[in-house]
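Q: Got a minute to walk through this one with me? I'll pull it up here.

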Amino acid sequence: LLVPKEESYKLTSYDTAVVELGDLAQIVQASGAVDIPVQIQIASPQSGTADRLYVQEGESVSIGQALARLNVPALMDQLEDLDADLDSSIRAYEKSVQQNQITNKRAERDILSLKKDITEAVTEQERLEELVEINASRKSELETAIKKVEDLRDTKTEKELQLEENKELQALDATISQANITRTETKIARLEVEIEEATIRSPMTGMVLEIDETIGVAGSSIKLGQALFTVVDPGSAIIELDVDEDYAAALEAGQPVEITANNQKSIGTISSVGQVAQLSSDGLGATIVVKVKPNPEIGDLLQGTTVVGVFELGVKEATMLLPRGPYLTTGSQRYMYVIEGDRAVRREVTFGEVQGSYIEILKGVEPGESVIISGYQTFIEFPVIQLEKGA
């Protein structure tokens, strides 16, 4: 302890670099998460029990694809009612057809009978006409005969018109009855398919985000309107990054952003810059939400996936740069040893921004000067150190 301390230090092994002028990109980093705004919850269309599950969470599905199948007793009751309605409709139709046939035949027989009556009445009229000509019969009898012929003909015409109208109405009723029967048959066919499959299908192309656990257990009770699936469109994914409000003015829609999600880097595009500041998560400042549209090449992103974004704010031109090295920590980010001949002089310097493997030097050195960039821990207390030639 009593031995005098050396007044200088001799450095025999060290690394150096030359202060250069270069361009430094100004960047800001922000973190956030993925949000998928386009998503649909699929509810059970009816009460029943779980039967089969066809998909798993995270699986891609297409529109109309079967997701699950239910057992639905209520559909069986509905099918029985429709079968009864169909049977009743068919019986009513067949009965109507038979009744119409009987009515029409009766009307046709009446018309035929009227034709015979008209023929006989005309014959009687002609006989009376001959008798009246020879004054063998009264004229009043002839007039009565003529009136009878006219009445019979009017009755026959009326019967024929009535028969024609009845047939038209019967045809219309038959068409309506057949349409009702066809409609009921169609309902039954659809219901039978629904019962056979009892299938819940995806209303959109996307990815299954969530599945209610009850649908995966066969026999579980499923209620009408119970949310069973959540299907999302990964293509609608948006990344929401919390950026310090100080940088808001330097960001704009359409600007590219380097994003890292799931250990994969990609380039996204700013879609909007928030206009409302909110307290940051650490409570030390305020942030804005910057929404970024990811590049499709990054693949499907899950809801809530953590994302880191790097924004480029501009470029500093002709700024002093040095490679990063141990000197930054061992020099307490305040000092740097500048080489002057066979010695190195400690100087106070001011560091700026760090970009990749380079750091900006604001003052304390000049472009072209050589500095030691290896560690200073063994000689940081010496303002001047000696350098061994050739080291």
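A: Sure, ground rule up front: two strands count as paired if DSSP finds at least two bridges between them, and strands are DSSP runs of E with at least two residues, while helices are H or I runs of at least four, numbered from the N terminus. This is a predicted model, where local features need pLDDT of at least 70, side-chain atom pairs count only at pLDDT 80 or more, and totals for chains, interfaces and linings use all residues. Residues are numbered from 1 along each chain as its sequence is written, and side-chain values use heavy atoms, with hydrogens and water left out.

Q: OK, what's the strand order in the open sheet of four strands?
A: The order is β8-β7-β5-β10, and the pairing is antiparallel.

Q: And which are the edge strands?
A: β8 (199-201) and β10 (221-222), each of which pairs on one side only.

Q: How many bridges join β5 to β7?
A: Four, between residues 48-53 and residues 66-71. For one of the partners, T49 in β5 bridges to N71 in β7.

Q: Switching topic: how far does helix α1 reach?
A: Its 61 residues (73-133) reach 90 Å from first C-alpha to last, close to the expected 90 Å, which is 1.5 Å times one less than the number of residues. Just after α1, N135 takes a positive phi of about 60°.

Q: Is the whole protein spread out or compact?
A: The protein has three helices and 23 strands. Its radius of gyration is 50 Å, well over the 21 Å from the globule rule for 391 residues, so the protein is more spread out than a compact globule. That radius is taken over C-alpha atoms, and the rule is 2.2 Å times the number of residues to the power 0.38.
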